[in-house]
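Open the model in your viewer and keep the selection tool ready. Each stop below tells you what to pick and what you will find there.

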Amino acid sequence: MALADLAGKDRQNSFDEHVAADGKVEPKDWMPAAYRKTLVRQISQHAHSEVIGMQPEGNWISRAPSLRRKAILLAKVQDEAGHGLYLYSAAETLGVTRHEMEADLMSGKAKYSSIFNYPTLTWADVGCIGWLVDGAAIINQIPLCRCSYGPYARAMVRICKEESFHQRQGFELMMALAKGTASQKAMAQDALNRWWWPAVMMFGPPDGDSVHSSQNMAWKIKRFSNDELRQKFIDMTVKQCEALGLDIPDPDLKFNAATGHCDIGPIDWDEFWAVVKGHGPCNRQRLEQRNRAHDEGAWVREAATAFAAKERDRQQQRAA
């Protein structure tokens, strides 16, 4: 029997059994209020991150060093806008409106990934975002393709394919700089020095301090803990740094033969929480730019609404 057909006290037990058996929950199915609330929070924050994430790289479109690089960056920023659209659409299936989500973002009520509150100071930062930030995103998001909520899982399939391309593009850019002139390699190293720790913190607080992880894993919204995902990213990136000939800015980094993993030094969680709470280098700038873009785009939304109304009237006249 489908979840949508169940009633009464059997709903919770049937829901738990359905999720435990790797079944997909669909919009019309019954679901616990807390499950719905958690999905709205996570999917909307994910969507906000895609939208705000266009800003650091979009800042470099007009300054890309070649037509090829400009075309690549334009395509990537456009992809991120599309990812935001997919995710807002997935969240809307849970009963929240896009207007509500946008209002929460622009007021500062809703959060987005802390990584996008750091500045892109040089062209190498564009490579680091593609390589490190999108690389971390892929590790975090591939398990979401098996998320228990169907619309979210299906949206993530395409998003992960495109993010994989973005990561490769970023790595290729970093390779070009690392194998270039001494000043280009120094630029790449400087970017790595500034982006490494924020990228490591992208997976969220350590498992012991994570408020939502255990419940999200029980609901199979998440499949792995923050620390498990972070370790996978570290192990992968250390090998990539060796291929680039760049040094990870961590004097305590070492391979642990007993665990088979790379150990890193202490993470500055005070910095992480400061950025999350709105005190990062670019928090205010990001929200101001998003609000300004929303205001300046009002005429486009009004024109689209008017056109849709005219089309609807034409269709009604034809049907009459």
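**Stop 1: His83 and its partners**

Select His83 and Glu50 in this predicted model. Their side chains make a polar contact, at 3.5 Å. His83 sits in helix 4, which covers residues 67–92. Is His83 buried or exposed? His83 counts as buried, because its relative accessibility is 0% and the cut-off for buried is under 20%.

Now show what surrounds His83. Leave out residues up to four places away in sequence. What remains in touch with His83 is Glu50, Ile159, Glu162, Glu163 and His166.

**Stop 2: Glu162**

Go to Glu162, one of the residues that His83 touches. Glu162 belongs to helix 7. At 15% relative accessibility, Glu162 is also under the 20% cut-off, so it counts as buried.

Which side chain makes a polar contact with that of Glu162? Select Arg158: the two side chains meet at 3.0 Å. Then set aside the neighbours of Glu162 within four places in sequence. Glu162 is in contact with Asp79, His83 and Tyr86.

**Stop 3: the whole of helix 7**

Select residues 150–178 to see helix 7 from end to end. Helix 7 has 29 residues. At 1.5 Å a residue, they should span 42 Å. The C-alpha atoms at its ends are 42 Å apart, so the expected span and the model agree.

Where is the kink in helix 7 centred? Click on Val157: the kink there is about 25°.

**Stop 4: Thr181**

Move on to Thr181, in the loop between helix 7 and helix 8. Thr181 counts as partly exposed, because its relative accessibility is 43%. Draw a distance from its C-alpha atom to that of Leu67. The two residues are 114 residues apart along the chain, and the distance reads 20 Å.

**Stop 5: Gly208**

Next, pick Gly208 in the loop between helix 8 and helix 9. Its relative accessible area is 75%, so Gly208 is exposed. Now draw a line from Gly208 to Arg194, C-alpha to C-alpha. They are 14 residues apart along the chain and 26 Å apart in space.

**Stop 6: Lys220**

Select Lys220, in the loop between helix 9 (213–218) and helix 10 (226–244). Is Lys220 buried or exposed? Lys220 is buried, because its relative accessible area is 17% and the cut-off is under 20%.

Look at its backbone too. Most residues other than glycine have a negative phi. Lys220 is not a glycine, yet its phi is positive, about 60°.

**Stop 7: helix 10**

Colour helix 10 next. Helix 10 has 19 residues. From its first C-alpha to its last, it reaches 27 Å, close to the 27 Å expected at 1.5 Å a residue.

Then pick out buried residues in helix 10. Among them are Asn226, Leu229, Phe233, Asp235, Val238 and Cys241. What do the buried residues of helix 10 pack against? Show helix 6 (123–141), helix 7, helix 8 (182–200) and helix 9. Add strand 2 (261–263) and helix 11 (269–279).

Step past the end of helix 10 to Gly245. The phi of Gly245 is positive, near 80°.

**Stop 8: helix 5 and helix 12**

Show two helices together: helix 5 (residues 98–107) and helix 12 (residues 283–296). Their axes come within 9 Å and cross at roughly 135°. That angle is why helix 5 is called oblique to helix 12.

Which residues make the contact? On helix 5, select Glu102, Leu105 and Met106. On helix 12, select Leu287, Arg290, Asn291 and His294.

**Stop 9: Arg11 and Asp22**

Finish with Arg11, found in helix 1 (residues 10–20). Arg11 counts as partly exposed, because its relative accessibility is 28%. Draw a line from its C-alpha to that of Asp29. The line is 9.9 Å long, and the two are 18 residues apart in sequence.

Last, select Asp22, in the loop between helix 1 and helix 2 (33–52). Asp22 has a relative accessible area of 43%, so it is partly exposed. What is the phi of Asp22? Its phi is near 65°, a positive value in a residue other than glycine.

Note on methods
Residues are numbered from 1 along each chain as its sequence is written. This is a predicted model: local features need pLDDT of at least 70, side-chain atom pairs count only at pLDDT 80 or more; totals for chains, interfaces and linings use all residues. Side-chain values use heavy atoms; hydrogens and water are left out. Helices (H or I, at least four residues) and strands (E, at least two) are DSSP runs, numbered from the N terminus. The expected span of a helix is 1.5 Å times one less than its number of residues. The bend at a residue is the angle between axes fitted to the seven residues ending there and the seven starting there. Buried means under 20% relative accessible area, exposed over 50%, partly exposed in between (1.4 Å probe, protein chains only). A polar contact is a pair of N or O atoms within 3.5 Å; within protein, one must be able to donate a hydrogen and the other to accept it, and residues adjacent in sequence count only if both atoms are side-chain atoms. Contact means heavy atoms within 4.5 Å. Axes are lines fitted to C-alpha atoms, for helices over the stretch in contact, and angles run from 0 to 180 degrees between N-to-C directions. Angles under 35 degrees count as roughly parallel, over 145 as roughly antiparallel, 65 to 115 as roughly perpendicular and the rest as oblique.
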